[in-house]
Amino acid sequence: MPVGKSLRVRLRAIDRRRREVRMFAAAMQQRARPVLAQIIPIRRCNLACSYCNEFDHSSEPVPLSEMLVRIDKLAALGVSVVTISGGEPLLHPQLEDIICRIRHHGVIATLISNAYLLSPQRIQALNDAGLDYLQISIDNVEPDDTSKKSLRVLERKLEWLARDAEFSVTINSVLGVAVKDPEDALTVARRARALGFHSTVGIAHDGAGQSHALPERQFSIYQEIRRLETGVFSFAHYDRFQENLVRGLPNAWHCRAGARFLYICEDGLVHWCSQQRGHPGIPLVDYKHEDIEQQYAIVKECAPFCGISCVQQTAMLDEIRENPRGMLQQLIERRRGTDPNFRTPLLLRFIAWAFLENPRARALQKAFVRLLGLHSTKTQPRGAAAGTLNR
Ligand code: SF4
Ligand code: SF4
């Protein structure tokens with residue numbers, strides 16, 4: 001990699017980390033503050049995966065002016081991460097302007113794409129717009145009737161990304177009862193790692209967001225892919241939700257969709273998630289702190305076998321908030337479970353000391369929040385000062 005590009009990539013990675021720490025601090029600071037929003041700038045897709053219920057072949061892109069209003073509103077609500085999804089978002093002619101606006105607010109910009117429309121020029125445009133993360137799901141090695149999101153078809157795009165992308169790339173492979181060739185998931189994950197990308201494995205869910213137990217062979221492939229991810233803070237090492245689901249076990253958790261996570265459809269309505277549209281179905285422009293508080297408290301009946309991992313990740317923030325010592329301990333234990341030689345890194349030891357064991361932890365947290373320049377959002381309840389840990 002040329003020195004200039006290598007330096008830019010490193011600096012951008014540092015800046016991403018800074019904003020992620022800021023996101024974490026913001027989520028710890030305030031309970032009913034949205035963390036992650038998924039927005040749909042276009043419902044149309046250039047593919048037609050047989051399992052998908054999130055696309056059509058006809059809808060027009062949402063006008064840029066409308067998308068910018070939605071992003072401004074999400075920023076005002078205090079959202080830390082905006083994921084652009086679809087349909088296929090690369091079909092939106094002004095996608096880069098949407099990303100620029102997200103970054104203008106200091107928010108982390110993530111894109112989910114099937115990558116078919118990527119070219120070296122488009123990758124450069126995404127670099128210039130300030131994209132932080134790109135996630136590509138690859139379903140198989142060779143295209144078939146179920147999906148054309150295939151390693152062989154996308155290989156050249158992946159090589160361009162490895163060469164040119166200044167954003168982080170994650171390749172998601174998929175397992176599930178309906179997957180015909182589960183070995184493909186391992187091939188995809190290994191290729192992703194060889195190209196220097198992150199790799200994750202998703203468990204296919206049905207049209208209501210529900211996942212089902214994996215057959216034995218798929219289960220061992222799942223564990224093998226998990227071991228490919230080595231970072232101690234990697235979600236792969238702490239995905240107890242997925243761990244239970246692949247065994248056919250329910251999860252006891254409180255889904256905070258509508259509060260910590262917002263799904264904004266192409267019509268600008270807030271929904272719990274892509275698979276539970278219609279709840280609450282309130283226009284984003286009218287969404288208020290009271291709505292967030294109300295949705296935060298609602299118990300979702302679809303939660304025990306839910307396979308929507310991005311919503312579960314936001315819920316984990318509340319578990320950390322409520323039981324930081326226990327969660328940190330579990331993180332270390334699970335990491336040891338996949339690597340018996342694992343030694344707790346210095347950074348984790350420092351975090352444990354600074355935030356969990358030190359009697360002055362509250363003062364340290366406040367100083368940390370000030371250092372990060374966090375401010376209260378417009379939706380913060382009256383009387384709650386910035387930097388206070390309000391429940
Ligand atoms: S590429 Fe994505 S949005 Fe398009 S049909 Fe397939 S899963 Fe659905
Ligand atoms: S539990 Fe939450 S994220 Fe999962 S399907 Fe239900 S509403 Fe969606």
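**Close-up views of a predicted model**

**View 1. Here is Pro280, and its place is in strand 9.** Bear in mind throughout that this is a predicted model. The bond leading into this proline, from His279 to Pro280, is a cis peptide, with omega near -10°. For context, most peptide bonds are trans. Strand 9 itself covers 280–283 and is one of the edge strands of the sheet, pairing on one side only.

**View 2. Now the whole open sheet, built from nine strands.** Reading across, the order goes 6-5-4-3-2-1-7-8-9, and the pairing is mixed. At the edges sit strand 6 (198–203) and strand 9 (280–283), each with a pairing on just one side. Going from one strand to the next, the twist averages 25°.

**View 3. Zooming in on strand 6, we see how it pairs with strand 5.** In general, strands of a sheet pair through backbone hydrogen bonds, either parallel or antiparallel. Strand 5 (residues 168–175) and strand 6 go for the parallel option, over six bridges. If you want a spot to look at, try Ser173, whose bridge partner in strand 6 is Val201.

**View 4. Next up, the shell of residues around ligand 1.** Three cysteines are in it, Cys45, Cys49 and Cys52, together with Leu47, Ala48, Glu54 and Phe55. Further along the chain come Gly86, Gly87, Glu88, Asn114 and Lys149. Sorted by class, the shell has six nonpolar, three polar and three charged residues.

**View 5. Two residues of that shell, Gly86 and Gly87, are joined by a cis peptide bond.** Omega for this bond is near 10°. Gly87 belongs to the loop between strand 2 (81–84) and helix 3 (95–104).

**View 6. Ala115 has an unusual backbone angle, given that most residues other than glycine have a negative phi.** Its phi is positive, about 70°, although Ala115 is not a glycine. You'll find Ala115 in the loop between strand 3 (108–113) and helix 4.

**View 7. Last, helix 4 (residues 120–129) meets helix 5 (residues 151–164).** Their axes come within 10 Å and cross at roughly 40°. Because of that angle, helix 4 counts as oblique to helix 5. The crossing is right-handed. On the helix 4 side, the contact is made by Pro120, Ile123 and Gln124, while helix 5 brings in Trp160, Leu161 and Asp164. By class, that gives four nonpolar residues, one polar and one charged.

Terms used
Residues numbered from 1 in each chain as written. Chains lettered and ligands numbered in written order. Predicted model: local features only at pLDDT ≥ 70, side-chain atom pairs only at ≥ 80, totals over all residues. Near = placed C-beta within 6 Å. Nonpolar A, V, L, I, M, F, W, Y, C, P; charged D, E, K, R; others polar. Pairing = 2+ DSSP bridges. Helix = DSSP H or I, 4+ residues; strand = E, 2+ residues; numbered from the N terminus. Axes fitted to C-alpha atoms, helices over the stretch in contact; angles between N-to-C directions. Parallel < 35°, antiparallel > 145°, perpendicular 65-115°, else oblique. Left-handed = near helix turned anticlockwise from the far one by under 90°. Contact = placed C-beta atoms within 7 Å.
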